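Welcome to this short tour of a protein model. Take a moment to turn the structure around on your screen, and then we will walk through it part by part.

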Amino acid sequence: MIYLNGDFLPIEEARVPVLDRGFIFGDGVYEVIPVYSHKPFRLAEHLLRLQHSLDGIRLQNPHSDEEWGSLVEQIIASNDGDDQYLYLHVTRGVARRDHAFPKGVIPTVFIMSNPLLAPPRELLATGVAAITADDNRWLRCDIKAISLLPNVLLRQMAIDAGAMETILLRDGFMTEGAASNIFLAKDGVLLAPPKNHLMLPGITYDVVLELAAAEKIPCEVREVSEYELRTAQELLLTSSTREIMPVTRLDGKPVGEGKPGAMFARLYRLYQSYKQTTMRG
Ligand code: PMP
């Protein structure tokens, strides 16, 4: 079952008018929330980021956190599978086509669930390949906007090159992946770019930094140059659906020794045990 504007129904029966501003302009925002053992992971943080995205596009939040919590619970319960990922989507609603904000329009709210599959063990053992590209997106990458055309094109560049992700560079500095955040490791130090308007403030990114701090792993959150990216001993990719993955090839060359390293192994273990505690809690 999916949720659409007050109704729970099978996805095949869900319909959105063609004049929805999500369809016409990509005028909306979204969230992706992992669910482990029927429990949403970091729900409060995802709802906070949703609020930030809505504020960023000047759209009033159609629901209170309690209402979102209840909708999320109902969607989880109506779908099979312990592990799911929820896709929440809010657009500015249906109106005659005009760029300017329409008045008195009700936002469209859509929630669906999909099965959440852990990254395959083989990929965690070998690591994945990434390529680099110029970050040609806009300057509000902190908003989780549904208008994802640049991300779609950048990700496809990776797929066409036989890689999994495209790591983006802007003015000589790394921002993030086309659909992930990127960490570096060098000499036992974990390095991450700071959260700002050039990247999405990843929920997994925050978890990784919290876990590293709790374990006293030295961390530096600062701008990361292209040179540092290309000379890193390890590269890690994070996202809600892919958790933490090692990137072992960059633009066809090995990263460090070309295999998952000690920082990945440590953070992966910490992430898995943190997940376990949130499932019990
Ligand atoms: N950056 C971008 C551009 C993303 O699309 C995503 C999520 N797919 C992330 C970072 C990671 O964010 P999160 O950890 O909240 O999934």
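Let's begin with the overall layout: the C-alpha centres of domain 1 and domain 2 lie 26 Å apart. Keep in mind as you read that this is a predicted model. The domain assignment places domain 1 at residues 2–115 and domain 2 at residues 121–280. Where the two domains touch, domain 1 contributes 22 residues and domain 2 contributes 14 residues.

Now look at the side of domain 1 that touches domain 2. At least two residues each come from β3 (28–36), α2 (43–56) and β5 (84–91). Which element gives the most to this side? The answer is β3, with 8 residues. Sorted by class, this side of domain 1 has 9 nonpolar, 8 polar and 5 charged residues.

Strand β3 is a good place to zoom in, and V29 is one of its residues. Is V29 buried or exposed? V29 has 25 C-beta neighbours inside 10 Å, and a residue with 20 or more is called buried, so V29 counts as buried. Setting aside its neighbours within four places in sequence, V29 is in contact with L50, S53, L54, I57, V90, I143, K144, A145 and I146. For a sense of scale, V29 and R15 are 14 residues apart in sequence, and their C-alpha atoms are 18 Å apart in space.

Next, find the ligand. It is surrounded by 14 residues, and the closest are L200, G202, I203, T204 and S240. Both α6 (203–214) and β13 (234–239) supply at least two residues of this shell. The largest share, 3 residues, comes from α6. By class, the shell around the ligand holds 5 nonpolar, 8 polar and 1 charged residues.

Helix α6 also has a helix for a partner. Two packed helices are described by the angle between their axes and the distance between the axes. Here the axes of α6 and helix α8 (residues 262–280) come within 10 Å and cross at roughly 105 degrees. An angle of 65 to 115 degrees counts as roughly perpendicular, and α6 and α8 are therefore roughly perpendicular to each other. On the α6 side, the contact is made by V207, V208, L211 and A212, while α8 brings L267, L270, Y271 and Y274. What classes do these residues belong to? The contact of α6 with α8 has 8 nonpolar residues, no polar ones and no charged ones.

Finally, let's visit two backbone details. Most residues other than glycine have a negative phi, and most peptide bonds are trans. D187 has a positive phi although it is not a glycine, and D251 also has a positive value without being glycine. The table sets out the two residues.

| Residue | Phi | Loop between | C-beta neighbours within 10 Å |
|---|---|---|---|
| D187 | about 50 degrees | β10 (181–186) and β11 (189–192) | 7 neighbours |
| D251 | near 50 degrees | β14 (243–250) and β15 (253–254) | 14 neighbours |

Are these residues buried or exposed? A residue with 12 or fewer neighbours is called exposed, so D187, with 7, counts as exposed. D251, with 14 other C-beta atoms within 10 Å, is partly exposed.

Key:
Residues are numbered from 1 along each chain as its sequence is written. This is a predicted model: local features need pLDDT of at least 70, side-chain atom pairs count only at pLDDT 80 or more; totals for chains, interfaces and linings use all residues. A residue is near a molecule or strand if its C-beta atom, placed from the backbone, lies within 6 Å of it. Helices (H or I, at least four residues) and strands (E, at least two) are DSSP runs, numbered from the N terminus. Ala, Val, Leu, Ile, Met, Phe, Trp, Tyr, Cys and Pro count as nonpolar, Asp, Glu, Lys and Arg as charged, and the others, Gly among them, as polar. Domain bounds come from an automatic or database domain assignment. Two residues are in contact if their C-beta atoms, placed from the backbone, lie within 7 Å. Axes are lines fitted to C-alpha atoms, for helices over the stretch in contact, and angles run from 0 to 180 degrees between N-to-C directions. Angles under 35 degrees count as roughly parallel, over 145 as roughly antiparallel, 65 to 115 as roughly perpendicular and the rest as oblique.
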